[in-house]
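Work through these exercises with the model open beside you. Try each task before you read its solution.

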Amino acid sequence: MNRYYPIMLNVEECKCVVVGGGSVAARKVEGLLESGAEVVVVSPAISAGLRDLANVGAIRVIEREYLEQDIDGAQLVFAATDQRTTNAKIAKDARSRMIPVNVADAADTGSFIIPSIVRRGGLLLAVSTSGASPALSIRIKKELEQRYGQEYESYTKWLGNLRIRINKMEIDERKRRELLREALDIPPDSWNNDQDEEAWERQIAVLMQRLHGRDCT
Ligand SMILES: C[C@@]1(CC(=O)O)c2cc3[nH]c(cc4nc(cc5[nH]c(cc(n2)[C@H]1CCC(=O)O)[C@@](C)(CC(=O)O)[C@@H]5CCC(=O)O)C(CC(=O)O)=C4CCC(=O)O)c(CCC(=O)O)c3CC(=O)O
Ligand SMILES: NC(=O)C1=CN([C@@H]2O[C@H](COP(=O)(O)OP(=O)(O)OC[C@H]3O[C@@H](n4cnc5c(N)ncnc54)[C@H](O)[C@@H]3O)[C@@H](O)[C@H]2O)C=CC1
């Protein structure tokens with residue numbers, strides 16, 4: 001089994017080519033659009049969902065069989081046809097151009113695989129079984145969806161906003177880390193992301209007090 005290395009890739013406005021127009025391709029396209037990629041689909045036949053996306057201009061579709069030139073300038077390539085030999089050819093073409101490639105029917109011939117994910121704003125939870133069992137990844141994703149509800153979106157955003165302000169303060173590194181850790185325990189009614197600077201300052205003062213209280217006990 002591969003020992004995959006997980007990364008968070010920025011694909012915003014980058015050309016990503018998905019070859020194939022069935023349900024697997026559609027799922028890969030959906031994930032790419034959520035990340036702001038510029039998606040090109042190459043396939044002689046495309047699903048209704050992909051057709052709708054093309055009609056509203058969300059993706060570009062090239063309606064024919066795959067040609068090597070289709071992956072020119074791509075940041076990522078997805079081989080998602082139902083033809084084993086075509087997928088193998090796409091993998092070889094991409095690899096020879098040093099373009100990372102995902103292969104739907106033979107993960108080992110590609111360079112990366114896709115995890116099952118839960119998004120809560122900036123919080124991104126990804127689950128992979130290194131290809132062993134997508135069904136297990138999906139089950140664990142569902143458990144995480146229950147455990148980490150929608151409130152994690154504003155919580156994560158609030159922590160990020162707070163962190164920017166704490167990082168600007170002239171305090172020593174240890175104190176800064178303690179403040180950031182203390183912030184994790186502030187209850188939801190304080191996760192206000194639309195407050196003015198004075199309110200942020202008051203929240204930071206409360207955090208300082210909580211820390212100080214701890215030091216004295
Ligand atoms: C290796 C990997 C490569 C890759 O695609 O990146 C891969 C490979 C294969 N999947 C297969 C089957 C299924 N895959 C799904 C679903 C998902 N598969 C995804 C990822 C991955 N699938 C990568 C490893 C992930 C990991 O490490 O766990 C998810 C998480 C992400 C995504 O695709 O976006 C997405 C869930 C999204 C979500 O809901 O969260 C379902 C369920 C369904 O369709 O409802 C089934 C049917 C049930 C079953 O077989 O378990 C087959 C057999 C094909 C055949 O039989 O012909 C292969 C090929 C093989 O195993 O060789
Ligand atoms: N990785 C994963 O998550 C999963 C992978 N699979 C595998 O993924 C593959 C695709 O599955 P589905 O989308 O369900 O198949 P599908 O049959 O719905 O779609 C296949 C698509 O490939 C296109 N195609 C065929 N030859 C082509 C070519 N030469 N150039 C461009 N496009 C071409 C067809 O027009 C069709 O749109 C299968 O091989 C299956 O074994 C299946 C389930 C999950």
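**Exercise 1: the sheet**

Task: Trace the open sheet and give its strand order.

Solution. The model is predicted, so treat each step as a reading of a prediction. Start with the order: five strands make up an open sheet, arranged β3-β2-β1-β4-β5. Their pairing is parallel. Next, find the edges. They are β3 (59–62) and β5 (101–103), each of which pairs on one side only. Last, check the twist. Neighbouring strands are turned by 15° against each other on average, with direction ignored.

**Exercise 2: one strand pair**

Task: Which residue in β4 is the bridge partner of V19?

Solution. Begin with the two strands. β1 covers residues 15–19 and β4 covers residues 76–79. They run parallel, and four bridges join them. Now go to V19: its bridge partner in β4 is A79.

**Exercise 3: helices on the sheet**

Task: Which strands does helix α2 touch, and which does helix α3 lie across?

Solution. Take α2 (residues 48–55) to begin with. This helix packs on the sheet and touches β2 (38–42) and β3. Its direction makes about 115° with that of β3. Then take α3 (residues 84–96). Helix α3 lies across β1, β4 and β5. Against β5 it runs at about 165°.

**Exercise 4: the whole chain**

Task: How many helices and strands does the chain have, and what is its radius of gyration?

Solution. Count the elements: seven helices and seven strands. Along the sequence they read β-α-β-α-β-β-α-β-β-β-α-α-α-α. Then divide the chain. The domain assignment gives domain 1 (15–114), domain 2 (115–149) and domain 3 (151–216). The centres of domain 1 and domain 2 are 23 Å apart, taken over C-alpha atoms. Now compare sizes. The chain has a radius of gyration of 22 Å, while a compact globule of 217 residues would have one near 17 Å. Along the principal axes, the C-alpha atoms fill a box of roughly 70 × 40 × 30 Å.

**Exercise 5: around ligand 1**

Task: Which element gives the most residues to the shell around ligand 1?

Solution. List the residues that come nearest: S116, S128, G131, P134 and S137, out of 20 around the ligand. Two elements give two or more residues to this shell, α1 (23–34) and α4 (134–147). α4 gives the most, with five. Sort the shell by class: eight nonpolar, eight polar and four charged residues. Finish with the domains. Domain 1 and domain 2 each supply at least three residues to the shell.

Conventions:
Residues are numbered from 1 along each chain as its sequence is written. Chains are lettered from A and ligands numbered from 1 in the order in which they are written. This is a predicted model: local features need pLDDT of at least 70, side-chain atom pairs count only at pLDDT 80 or more; totals for chains, interfaces and linings use all residues. Two strands pair if DSSP finds at least two bridges between them. Axes are lines fitted to C-alpha atoms, for helices over the stretch in contact, and angles run from 0 to 180 degrees between N-to-C directions. Two residues are in contact if their C-beta atoms, placed from the backbone, lie within 7 Å. Domain bounds come from an automatic or database domain assignment. Ala, Val, Leu, Ile, Met, Phe, Trp, Tyr, Cys and Pro count as nonpolar, Asp, Glu, Lys and Arg as charged, and the others, Gly among them, as polar. The radius of gyration is taken over C-alpha atoms; the globule rule is 2.2 Å times the number of residues to the power 0.38.
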